[in-house]
Amino acid sequence: MRKWECVLSPDESDPVGVERGQGQGPFVIVCEHASSTLPQSMGDMGLSEEARLSHIAWDPGALAVARLLSARFDSPLVFQKFSRLVYDCNRPPESPASMPMKSEIYAVPANEVVDGAERLARTQALYRPFHAAVSTLIDERTCHGLATSVITVHSFTPVYFGKSRAVEVGILHDADARFADGILAAAAAERRHDVRRNEPYGPADGVTHSLILHGISRGIPNVMIEVRNDLIADQAGQEVMAGYLSELIAEAIGQQDKNKKTFVNVRSH
Ligand SMILES: [Zn+2]
């Protein structure tokens, strides 16, 4: 019997990475799928090395892009240090997808039978501290008079169930489309990439949990950015994409002069 109160060993005790926590910029940037690392207690979860390093375990390139955005906008970044196969921090505890039995073409043997005690232990080890960190950061900023918009950064696989995806960047939102609308308008104005609304996933796929939890519940602007991972596979690609996204984001929040009006609109809702 494994002791599920010990999902993380003492040297793995903090699953939450926070960078630029004191950043004075307008965003809190969130990266739930930053890492493919498995806690020692999980072994290999019954997966091949190929599966453990594939997109089912993490979002390749997403953390690097999130870090570049954090630096560009002097804004805090919160990321999860462990794989979503143990707990997917963009899903609530009651969702079966929080500990997926199957992900795309891969069965996840260690998730086939997860009893209540184990579910609770994984939830408390990875999910609770992650979202507590994001909430605390936003609340502290509010207390200090800093307005916050939430950006979550993800990547998706270029081939899914054998089908190629043409979309390059997805701008996702739930009930609050303000921020997404601004980014999509900026993208439409210059057409450098194939940028689409709520693709390749959308709210119906359950991917807007963090947006609801931290953005919609507070009434603050929020958006989820999904980048096709072949475009951010290396540092050069990550820098180009982060630069592109920075332009769209800046345009959306009106940091660029011509869109000052959008900024006022976003903040006054
Ligand atoms: Zn993701």
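This is a short tour of one structure, stop by stop, with a suggestion of what to select at each. Keep in mind that you are looking at a predicted model.

**Stop 1: the zinc ion**

Start by selecting the zinc ion together with H33, D59 and H154, the residues that coordinate it. The two histidines each use their ND1 atom, while D59 uses OD. Show the distances and you should find 2.0 to 2.1 Å. Along the sequence, the donors follow the spacing H-x25-D-x94-H. Now colour by secondary structure: H33 sits in the loop between β2 (27–31) and α1 (49–53), whereas H154 belongs to strand β6 (residues 149–156), so this pair ties together parts that lie 121 residues apart in sequence.

Are these two histidines buried or exposed? H33 is buried, at a relative accessible area of 3%, and H154 is buried as well, at 1%.

**Stop 2: a cluster of rings around F27**

Next, select F27, F73 and F179, which form one aromatic cluster. The structure holds five aromatic pairs, and two of them can be visited here.

Look at F27 and F73 to begin with. Their ring centres are 5.1 Å apart and their planes stand at 90 degrees, so the pair is edge-to-face. The pair links distant parts of the chain, with F27 in strand β2 and F73 in the loop between α2 (62–72) and β3 (77–80), 46 residues apart.

Then turn to F27 and F179. How are these two rings arranged? They are stacked, at 5.8 Å centre to centre and with 15 degrees between the planes. This pair also joins distant parts of the chain: from F27 in strand β2 to F179 in helix α4 (residues 178–190) there are 152 residues.

If you display the surface, check each member of the cluster in turn. F27 is buried, with a relative accessible area of 0%; F179 is buried at 1%; and F73 counts as buried at 5%.

**Stop 3: S75, beside F27**

Keep F27 on screen and add S75, found in the loop between α2 and β3. A polar atom of the S75 side chain lies 3.1 Å from the backbone nitrogen of F27. To see the surroundings, add R20, G25, P26, I29 and S70: together with F27, these residues are in contact with S75, leaving aside its neighbours within four places in sequence. S75 is buried too, at 0% relative accessibility.

**Stop 4: two arginines over rings**

Now select R67 and F79. The charged end of R67 sits over the F79 ring, 5.3 Å from the ring centre. For a second example, select R165 and Y160, where the charged end of the arginine sits over the tyrosine ring at 4.2 Å from its centre.

**Stop 5: the backbone from R191 to P200**

Finish with the backbone. Most residues other than glycine have a negative phi, and most peptide bonds are trans. With that in mind, select R191, in the loop between α4 and β10. R191 has a positive phi of about 50 degrees although it is not a glycine. This residue is exposed, with a relative accessible area of 71%.

Move along to N198, in the loop between β10 and α5. Phi of N198 is also positive, near 50 degrees, and the residue counts as partly exposed at 21% relative accessibility.

Your last selection is E199 and P200. Is the peptide bond between them cis or trans? The bond is cis, with omega near -5 degrees. P200 lies in the loop between β10 (195–197) and α5 (209–215).

Note on methods
Residues are numbered from 1 along each chain as its sequence is written. This is a predicted model: local features need pLDDT of at least 70, side-chain atom pairs count only at pLDDT 80 or more; totals for chains, interfaces and linings use all residues. Side-chain values use heavy atoms; hydrogens and water are left out. Donors are N, O and S atoms within 2.8 Å of the metal (3.2 Å for Na, K and Ca); water is not among the atoms, so sites may look incomplete. Helices (H or I, at least four residues) and strands (E, at least two) are DSSP runs, numbered from the N terminus. Buried means under 20% relative accessible area, exposed over 50%, partly exposed in between (1.4 Å probe, protein chains only). Rings of Phe, Tyr and Trp (its six-membered ring) pair if their centres lie within 6.5 Å; planes under 30 degrees apart count as stacked, over 60 as edge-to-face and the rest as tilted. A charge sits over a ring if NZ of Lys or CZ of Arg is within 6 Å of the ring centre and within 35 degrees of the ring normal. A polar contact is a pair of N or O atoms within 3.5 Å; within protein, one must be able to donate a hydrogen and the other to accept it, and residues adjacent in sequence count only if both atoms are side-chain atoms. Contact means heavy atoms within 4.5 Å.
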